[in-house]
Amino acid sequence: MRLLSVAVAASLLTAVPTAAEARAAITYYVDSRAGDDSAAGTSPDKPWKSLEKVSSTDLKPGDIVSLKRGGSFTGPLRLTASGTAARPIVIRSHGTGALPRISGDERDCVVVKGAYWQISGLRATGCRFAGFQLGGHHIELSGVAADNNVAGVWVTPSGSHNTVRDSTLTANNRMSVDDEGGDNDSGAFGVLLNGDDNLVTRNTITGSYARSHDYGTDGSAVEIFNGDRNRITYNHARDNETFTELGAQKGKTATGNVFAFNVVTSGRSRGSFLITRGPGHVVGPVKGTIAVQNSVYLPAKDTIGWSCHDGCGPSILRLRNNVIAVGGEAGWADGKGVDDGGSVYYGRKLTFKLGPKSVRADPLFLSRTDLRLRPGSPALGRGLPLSPAWYGGTALGKDMLGRPLSAAPDAGAYQR
């Protein structure tokens, strides 16, 4: 008998499933009204009652936990086990009615520290800090809701390669720091990213806005602090204080974050799209930020499209094919300025040098909330041709409606 090669033998050994992978997956049911933690929990007519029971269960790859819709639970739901790429652990909801509601102001409501989770169909509200705290990796959060928290979703410094998608993050409008004096107020985040290589896509983020002693008002749809290479794409953001603000403490970085095909509108009296910093700022420099194919309309007077300050330069901020219309300042840069091109800007003033094919003109949006382009818009065919690296990968190189970009793309989040 011919001997197997070492490589073939090794591949056969690694293909043998572990005991956890070979075990049949179990579905557990939880009902806050009719459940009993002493029940088996493995059928809808014999469900568990509490999240504490779920948190204490030794979940294995492929297992499913299903919460009954219409119920209310006291958090936290702590998820510390790990699935695998082939067999993630699933948290979902079943039945009819409102999403199962998890609350509790003494703890973050859903805390995930393991890996390979798929979590959907939950609402986290009125939590200590975060509705959903993601501290592990390869966690997919989809179709969830979060409101009345400091952060709807918080990806901690240890959280990486996670996805937050197709979710509704509304009125996360509480401050974690709000004291008189200084320059340290913080809070009101739709998504707070402290980790690396995460994807935030196709969410609706509204009302990230709160009163602040230091700033008057504060808040961000997506805040990045010390997070690298995150991709923020295809999100609808309405009535937030800022769409995104970036910073990094000394010794840390927030490098290479990409914002593409986002649609940002607001009816508030003040607001901004993007705020970033150079090396002269206490939380700078923030290097390599890319904003491409975004559509922004902020009509109030106290608004700014983007600001790059305290030592801006092309290595700090790169802008391509955006449409930014504001009632205030369309863009502001000091230092060496930014790397700009293919964009349409409209505002009372601009404090930066327009790049190739960029123009100052009314973009002719369809309406204040519908940022598709009317015939004759100067944004039509305005964009520069770009490689997929600008968008964060080939899969993200389509417009908000899934249409591919042409060789001469339109500026903004929508193509003809």
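Here a colleague questions a modeller about the predicted model above.

Colleague: What makes the protein as compact as a globular protein of its length?

Modeller: Start with the inventory: three helices and 39 strands. The radius of gyration is 23 Å, and the globule rule gives 22 Å for 416 residues. The two values are close, so the protein is as compact as a globular protein of that length. Along the principal axes, the C-alpha atoms fill a box of roughly 65 × 65 × 45 Å.

Colleague: How many of the residues count as buried, and by what cut-off?

Modeller: Of the 416 residues, 55% count as buried. The cut-off is under 20% relative accessible area.

Colleague: What share of the contacts joins residues 24 or more positions apart?

Modeller: Take the contacts with a separation of 6 or more: 61% of them are between residues 24 or more positions apart. A contact here means heavy atoms within 4.5 Å.

Colleague: Why do β3 and β39 stand at the edges of their sheet?

Modeller: First the sheet. It is open, has 12 strands and pairs in parallel, in the order β3-β6-β9-β12-β15-β20-β25-β28-β31-β34-β37-β39. β3 (72–74) and β39 (359–360) each have a single partner strand, so one side of each is left without a neighbour in the sheet.

Colleague: How do you know that β20 and β25 pair?

Modeller: Pairing needs at least two bridges. Strand β20 (residues 204–206) and strand β25 (residues 236–238) have three, and they run parallel. T204 stands opposite H236 in β25.

Colleague: What joins β8 to β5 and to β11?

Modeller: Bridges, on both counts. Strand β5 (residues 89–94) pairs with strand β8 (residues 115–120) over three bridges, in the parallel sense. I91 has I119 in β8 as its bridge partner. Five bridges join β8 to strand β11 (residues 137–142), again in parallel. There, W117 stands opposite I139 in β11.

Colleague: Why does the largest cavity count as a cavity?

Modeller: Because a 1.4 Å probe fits inside but cannot get out. One cavity of 30 Å³ or more is counted. The largest has a volume of about 40 Å³, which passes that limit.

Colleague: Which residues line the largest cavity, and what is their character?

Modeller: A237, N240, E241, T242, F243, V264, T265, S266, G271, S272 and L298 line it. β26 (242–247), β28 (263–265) and β29 (270–277) are the elements that give two or more residues to this lining. The lining divides into four nonpolar, six polar and one charged. Glu counts as charged, so the charged residue is E241.

Key: Residues numbered from 1 in each chain as written. Predicted model: local features only at pLDDT ≥ 70, side-chain atom pairs only at ≥ 80, totals over all residues. Heavy atoms only, no water. Helix = DSSP H or I, 4+ residues; strand = E, 2+ residues; numbered from the N terminus. 1 Å grid on protein atoms, 1.4 Å probe; cavity = no way out; pocket = protein on both sides within 12 Å on 5 of 7 lines; lining within 4 Å. Points joined across faces, edges and corners; volume = space filled by probe spheres on them. Rg over C-alpha atoms; globule rule 2.2 N^0.38 Å. Buried < 20%, exposed > 50% of the residue type's maximum accessible area, 1.4 Å probe, protein only.
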